[in-house]
Amino acid sequence: MLTGSLPQGAYGAPTTDQEAQVAARVAELEKRLGDPNSDDNDVSYAQLLKADEAGEMSAAGESILDDVVLNADFVPRENGGRLDRIDTLVRVMRQVFRRDVALGLGYGVTSFMAGVNVWTSGSAEQKQRLARIMLDGGKVSVAYHELAHGNDFVRNEFEARPAPGGGYLLNGEKQVINNADRAAAWVLFSRTSAAPGARSHSVVLAERAGLDADTYSVLPRYGAAGVRGCHLSGLHFEDTPVPADALVGDTGQGVELALRAFQITRSAVPGMALGAADTSLRTVVSFALGRELYRKSVMDIPHARATLSGAFLDLLIGDSLSLAATRAVHLLPEETSVYAAATKYLVPKMLTETMHDLSIVLGARFYVREGEFGIFQKHIRDLPVLSLGHAGSAACQATIIPQLARLARRSWFNADPAPGSLFRLREDLPGIPFDRLTLASGRDSLSASLVASVDELPSSSPVERAVHSVALKMMDELRQLQEASLALAPENRTALASPGTFALADRYAVLLAAASVIGVWQQARGGDDPFLADPGWLAAVLHRLARRLGQQPPDLPASVDAGVHEEVLRRYRERRSFDLYATPLAG
């Protein structure tokens, strides 16, 4: 049980200055984690690598997260925790992922993903019980899938059958569950009807303390290539009784509940993962500055410089899309389904590609699992796990595809643009409207912002004209996407669509990313950050996204590449993060 770290009443008090609180929280966590390159730090990269080689979670890391009561960040403020904004939770967790993806997942993100189901649809009593478990330092696991059925979880066979005297009997197995062996409670996606279809499953909150230990067992731990410190195992139940009040929401509501919870977790987790890519970029910048090749530093080689600048731009793209998606949970909850799926699809995909590009610059040292560059090898093994997680890339595209025709018909080129607050990094937000999240929407304000920007973007300088030109081509791309979506045959409007339809979902996600970065720049103009206020980074990002769509935009002015490169060096030397926030770092 955690003790003493929570000031009396602090986490139930209303927020008066949300940004000041999250900035202080990030700084506190960064200070406690300390310089990752210091030999005296128990959670240095060297120590984290030792734990990883042993297949263990960092005990020192978990102790620090216990001390700062990280679990409170996963519990809504009204239930005694700190959670009132998804975008600020991402910023806090990014500091943990910057050190160790396994620590981020294994300590708390799994608990967050489990808890969202209860915060979304649980009873008041369930919320209070789960909050108490988490605030007392307990972990919670979530089990949606089964290996035999993958992401097609409506075919799952794990059962929660009505018991003769009331309640339910749990039967079957769940595999590859993070923290199954040490969780105080499990959120279990369970079949409650033998009938086929979406109404045959429900969600059960099973608390370990109330279960008959003779009727269930924890399965052996899996070995893993990445996140080796995570406790991945499974659960086996044989007529394990749980009370009637273990049911979360209504009977048969499991699919709906899961899909609503996904809107929050899909929006949030990719933004957290940016921390690991940030560290990886910092590691390769250090290598490029300190190594010579052909009598020059690696940084002086044009291809290496371009790769590092490109990685920085990818982080800005991912953070912009993540920002829009997480703030949309609060501001546009009825539209969040498609934004969340696009974020969970595109950001991990881009980060994986970025890591590959960085590994080429690092060369043979990329294979080394210890020493100065060993953390890169760990991150490149750990990050792909996030592309799978509780909903893989294909599952996210399958969420987007059925909505394309509806959006093309009802929204694109018709909807009002998103409010400017969707793109403001530090502006306060209302609470999380769990009850307003919907499974599908006929509106897309984010794409409308892209269309509106064509008339709003300045075009007086060469850089601004380059931005305007690419934005215009992006709008044309949206028009082509609209035509293709309207022409989709009925069989291509489902998860069983053709590969060409999945490609449409990919293009759509890229356009949402373009709309996000334009929105961020528009709101940053005249702000305190001269880099974000300048159109140069926007031109570079849109140029990169246009090439991703297969376009061939004209070369940018040389000043654009120079400005991006200078910002990479400045943030490296000043120990600031490579995301939108340029957060001060311990190392």
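Select Phe158, Trp186, Tyr216 and Phe237 to start, since in this predicted model ring pairs link these four residues into a cluster. They belong to a wider set, for a search of the whole structure finds eleven aromatic pairs. Within the cluster, keep tryptophan 186 and phenylalanine 237 highlighted: their ring centres are 6.0 Å apart and their planes stand at 80 degrees, so the pair is edge-to-face. Tryptophan 186 lies in strand S4 (residues 185-191) and phenylalanine 237 in strand S7 (residues 232-242), so that the pair links parts of the chain 51 residues apart, and both residues are buried.

Go next to tryptophan 412 and tyrosine 508, whose ring centres are 5.2 Å apart with planes at 50 degrees, an angle that makes the pair tilted. Here tryptophan 412 sits in the loop between helix H12 (393-410) and helix H13 (445-456), while tyrosine 508 is in helix H15 (residues 499-524), 96 residues apart; each of the two is buried.

Two charged side chains can then be selected with their rings. Arginine 479 lies over the face of phenylalanine 413, 3.6 Å from the ring centre, and the charged end of lysine 139 is placed over the ring of tyrosine 107, at 4.3 Å from its centre.

For the backbone, display strand S2 (residues 159-162) and strand S3 (residues 168-178), which pair in the antiparallel sense over four bridges, with alanine 160 opposite leucine 170 in S3. Five residues separate the strands of this hairpin, in which glycine 166 takes a positive phi near 110 degrees.

Finish at glutamate 567 in helix H18 (residues 558-574), which is buried with a relative accessible area of 7%. Leaving aside neighbours within four places in sequence, glutamate 567 contacts Phe312 and Phe531.

How values were computed:
Residues are numbered from 1 along each chain as its sequence is written. This is a predicted model: local features need pLDDT of at least 70, side-chain atom pairs count only at pLDDT 80 or more; totals for chains, interfaces and linings use all residues. Side-chain values use heavy atoms; hydrogens and water are left out. Helices (H or I, at least four residues) and strands (E, at least two) are DSSP runs, numbered from the N terminus. Buried means under 20% relative accessible area, exposed over 50%, partly exposed in between (1.4 Å probe, protein chains only). Contact means heavy atoms within 4.5 Å. Two strands pair if DSSP finds at least two bridges between them. Rings of Phe, Tyr and Trp (its six-membered ring) pair if their centres lie within 6.5 Å; planes under 30 degrees apart count as stacked, over 60 as edge-to-face and the rest as tilted. A charge sits over a ring if NZ of Lys or CZ of Arg is within 6 Å of the ring centre and within 35 degrees of the ring normal.
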